Amino acid sequence: MAQVKVYGRRDVWAGRQRELSDMLQECLVSAWGVPEDKRFHRFLLLDPDDFVCPQRGERYVVVEVVCFTGRSDDAKRALIRELYARWPHDPEDIEITIIEMPRVNWGIRGVPADELTLPYKVEV
């Protein structure tokens, strides 16, 4: 399970959410084996005055990946490297944070996620 939040400027990214979502999902599938149909992406697009980022360009985005614990440090590095490799702009225009939580902290389909059987592997 991975949920992705993308923060960026509305005047730059509005209308381009699908482009970013496709890139993000390709990275998650490639690096972590997330099923292609498990796409949970949120776009939090802000006015320039609400997204203060000194010394960053207008295309600057912050990508937060919220996921279950269980992935190795190598798997997390692989995702970060994959995101930078596929990012079509200046690498200084994207910052990535991976936030992990135990499955018991998630509620999915009416149960705590540690009681949920998943059709894909989390420990990679």
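Visitor: Is Asp93 buried or exposed?
Guide: The model under discussion is predicted. Asp93 has a relative accessibility of 8%, and the cut-off for burial is under 20%. Asp93 therefore counts as buried.

Visitor: Where does Asp93 lie, and with which residues is Asp93 in contact, leaving aside its neighbours within four places in sequence?
Guide: Asp93 belongs to the loop between helix 3 and strand 4. Once the neighbours within four places in sequence are set aside, the residues in contact with Asp93 are Gly57, Arg59, Tyr60, Val61 and Trp87.

Visitor: How many aromatic pairs does a search of the whole structure find, and what is the arrangement of Trp13 and Trp87?
Guide: The search finds two aromatic pairs. In the pair of Trp13 and Trp87, the ring centres are 5.9 Å apart. Their planes stand at 45°, so the arrangement is tilted.

Visitor: How many residues apart in sequence are the parts that the pair of Trp13 and Trp87 ties together?
Guide: Trp13 is part of helix 1, residues 10–13, whereas Trp87 is in the loop between helix 3 and strand 4. Trp13 and Trp87 are both buried. Because the two rings sit in these separate places, their pair ties together parts whose distance in sequence is 74 residues.

Visitor: What is the order of the strands in the open sheet of four strands?
Guide: The pairing within this open sheet is mixed. Its edge strands, each pairing on one side only, are strand 2 (41–46) and strand 4 (94–101). On average, neighbouring strands are turned by 15° against each other, direction ignored. The order of the four strands is 2-1-3-4.

Visitor: Which residue in strand 2 stands opposite Gly8?
Guide: Strand 1, residues 2–9, runs parallel to strand 2, and six bridges join them. Opposite Gly8, strand 2 places Leu45.

Visitor: Which residue in strand 3 stands opposite Gln3?
Guide: Strand 1 and strand 3 run antiparallel and are joined by six bridges. Strand 3 is mostly covered, with eight of its eight residues buried. The residue of strand 3 opposite Gln3 is Val66.

Visitor: In which sense do strand 3 and strand 4 pair, and what is the hand of the crossover between them?
Guide: Strand 3 and strand 4 pair over eight bridges in the parallel sense. One opposite placement is that of Val65 and Ile98 in strand 4. The chain passes from strand 3 through helix 3 to strand 4, a β-α-β crossover that is right-handed.

Visitor: Which strands does helix 2 touch?
Guide: Helix 2, residues 17–32, packs on the sheet. The direction of helix 2 makes about 140° with that of strand 2. The strands touched by helix 2 are strand 1, strand 2, strand 3 (61–68) and strand 4.

Visitor: At what angle to strand 4 does helix 3 run?
Guide: Helix 3 comprises residues 73–86 and lies across strand 3 and strand 4. Relative to strand 4, helix 3 runs at about 155°.

Visitor: What separates the C-alpha atoms of Asp73 and Thr97?
Guide: Asp73 lies in helix 3. With 48% relative accessibility, Asp73 counts as partly exposed. Asp73 and Thr97 are 24 residues apart along the chain, and their C-alpha atoms are separated by 13 Å.

Visitor: Which residue other than glycine has a positive phi near 65°?
Guide: The residue is found in the loop between strand 2 and strand 3. It counts as exposed, because its relative accessibility is 76%. The residue with this phi is Gln55.

Visitor: How do the elements of the protein run from the N terminus on?
Guide: The secondary structure comes to three helices and six strands. Starting at the N terminus, the elements run β-α-α-β-β-α-β-β-β.

Visitor: What is the radius of gyration of the protein?
Guide: Along its principal axes, the C-alpha trace spans about 45 × 30 × 25 Å. A compact globule with 124 residues would have a radius of gyration near 14 Å. The protein agrees with this, its radius of gyration being 15 Å.

Visitor: Among contacts between residues at least 6 apart in sequence, what share joins residues at least 24 apart?
Guide: Of the 124 residues of the protein, 39% count as buried. Among the contacts in question, the share that joins residues at least 24 apart is 77%.

How values were computed:
Residues are numbered from 1 along each chain as its sequence is written. This is a predicted model: local features need pLDDT of at least 70, side-chain atom pairs count only at pLDDT 80 or more; totals for chains, interfaces and linings use all residues. Side-chain values use heavy atoms; hydrogens and water are left out. Two strands pair if DSSP finds at least two bridges between them. Axes are lines fitted to C-alpha atoms, for helices over the stretch in contact, and angles run from 0 to 180 degrees between N-to-C directions. Contact means heavy atoms within 4.5 Å. Rings of Phe, Tyr and Trp (its six-membered ring) pair if their centres lie within 6.5 Å; planes under 30 degrees apart count as stacked, over 60 as edge-to-face and the rest as tilted. Buried means under 20% relative accessible area, exposed over 50%, partly exposed in between (1.4 Å probe, protein chains only). A crossover is right-handed if, with the strands pointing away from the viewer, the path from the first strand over the helix to the second runs clockwise. The radius of gyration is taken over C-alpha atoms; the globule rule is 2.2 Å times the number of residues to the power 0.38.
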